[in-house]
Amino acid sequence: MLTSTNLLSRIIKKNRHKKPKTKTRNKRQETKEDPVEQDELEEDTEGFNLKTSAPSNTYGVQPLGNLYFDPGSINSRNTGLGNLQILTDELVLDILGFLDGTQLGVLGTVSKSFYVFTNHEPLWRKLVLDKLNGEFLFNGSWKSTYIAGIYPLFDVNGCSSLKVRDFYSDYLFQSWLCASLEMKPEWLERDNVVRKKGISVEEFVMNFEEPNKPVLLEGCIDNWAALQKWDKDYLVSVCGDVKFAAGPVEMRLQEYFRYSDQVKEERPLYLFDPKFAEKVPVLGSEYEVPLYFREDLFSVLGNERPDYRWVIIGPAGSGSSFHIDPNSTSAWNAVIKGSKKWILFPPDVIPPGVYPSPDGAEVACPVSIMEWFMNFYGATKNLKRRPIECICKAGEVIFVPNGWWHLVINLEESIAITQNYVSRRNLLNVLDFLKRPNAGELVSGTRDRVNLHDKFENAIESTFPGTIDQLVQKAEEKKAQEKKLSFWDSVTDSHAGAFKFSF
């Protein structure tokens, strides 16, 4: 049986030896909330509007700032934790993460404070995903889903939750808040991406792929059968019983839709499957690669190529935190249903609130996309190089150049297809990436990470002899040309803003 001493020693040992989680900060960004009553929170919080379908703050958790405006109150969070009150909320939850469902249930009867902590939904989500491994029917909450899955004869519908008075916690409150907020209008207003319709492949290459700049393309997937056919009803009829990757598990599509229809959480599971066309060939036949992206040199590897295409399905609020696409590839993303908010930063500009490790193997950033918007989006207004932003709607395709940081959030239930690819414009970058000393950590989408560079280079030389040498020569000539000064550059002092006389 686990004792509190054993748990503490295990969590301390775990935190000493584990690497920072990719795309996850160890601590939430602190936010200051004005003192507000729960009724006021239902309407507006710090200028934010709550979703009409927002879950009620079931256990009555309030932001810590409220405590300071009610001198007579005592934080029941501390009194109920006893000696453990010195621990941060995050550390308490880390410790509770070692418990199974029965142990959490028993501990929740000890005090009101433990009742709130042990009912924290991410704890039960982890249990469901670990224990049931995708074989579950979502039942409105992760705790109810766990109980129904483990104890099918138990009637979870008759259970109700308690509301705890005077419980103050910024960490737990913000988790609820991020799950409940609507996107602010000002987060959606900026649209500064270049939009093009009907351009030639040559124009795309010259103006966007070669200079490595994003562009939103309109009208280039109008002939897709998927654009007309793919909705929930159609997909369920075609492949409702097929399992697709959703987070760390695989779920039947119809069961994923049951989940996505009910979910009200900070970080919804995102269906992101790289083998959809192999699992359901008809889906692969109902779209085709847009004209601009058909040169894909990774195809020379055949079945050994890294994962490169995904079907993406998710409810409003789901999406991807800031990241750079794998293996230094470029990508295109086509929205079939719904809409997505995109924010992109060039390779040499790290987004505010994002902290990549020196070797690029790890990225630490806020716990959720909504938390980033709440705490860091405002900082982008003061940047010298502001991000590229847009809303990509059904029928539109966005080109994401290699190395660009990007964040994506679904504004409504959305279905999309994305592919990563390598063209001649990006081949040298990819080869350089694949031969980095830590390629074993950086390369993704394939089991043979270490040997991928040699396999790819040899396959290119065999299929397109001389191509790499030509590209290297062209790159060197371009670099030398950039170093050459024009006449006016040679006679102008850029610092003084006037002519210089060195003769």
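The legends below walk through three close-up views of this predicted model. Residues are numbered from 1 along each chain as its sequence is written. Because the model is predicted, local features need pLDDT of at least 70 and side-chain atom pairs count only at pLDDT 80 or more, while totals for chains, interfaces and linings use all residues; side-chain values use heavy atoms, with hydrogens and water left out.

**View 1. An open sheet of four strands, with a helix packed on it.** The strand order is β9-β16-β11-β14, with antiparallel pairing; strands are DSSP E runs of at least two residues, helices H or I runs of at least four, numbered from the N terminus, and two strands pair if DSSP finds at least two bridges between them. At the edges, β9 (319–323) and β14 (388–393) each pair on one side only. Within the sheet, β11 (residues 339–345) and β16 (residues 405–410) share six bridges, and K341 stands opposite I409 in β16. Helix α18 (residues 369–376) touches β9, β11 and β16, where contact means heavy atoms within 4.5 Å.

**View 2. W224 in the largest nonpolar core.** A nonpolar core joins buried Ala, Val, Leu, Ile, Met, Phe, Trp, Tyr and Cys residues through side-chain atoms within 4.5 Å; buried means under 20% relative accessible area, exposed over 50%, partly exposed in between (1.4 Å probe, protein chains only). This core has 100 residues, and F204, W224, W230 and F373 have the most contacts inside it. Beyond neighbours within four places in sequence, the contacts of W224 include Y287, P290, W332 and I417.

**View 3. S368 in the loop between β13 (363–364) and α18.** S368 counts as buried because its relative accessibility is 2%. Leaving aside neighbours within four places in sequence, S368 is in contact with C178, E266 and R267.

Definitions and conventions:
Axes fitted to C-alpha atoms, helices over the stretch in contact; angles between N-to-C directions.
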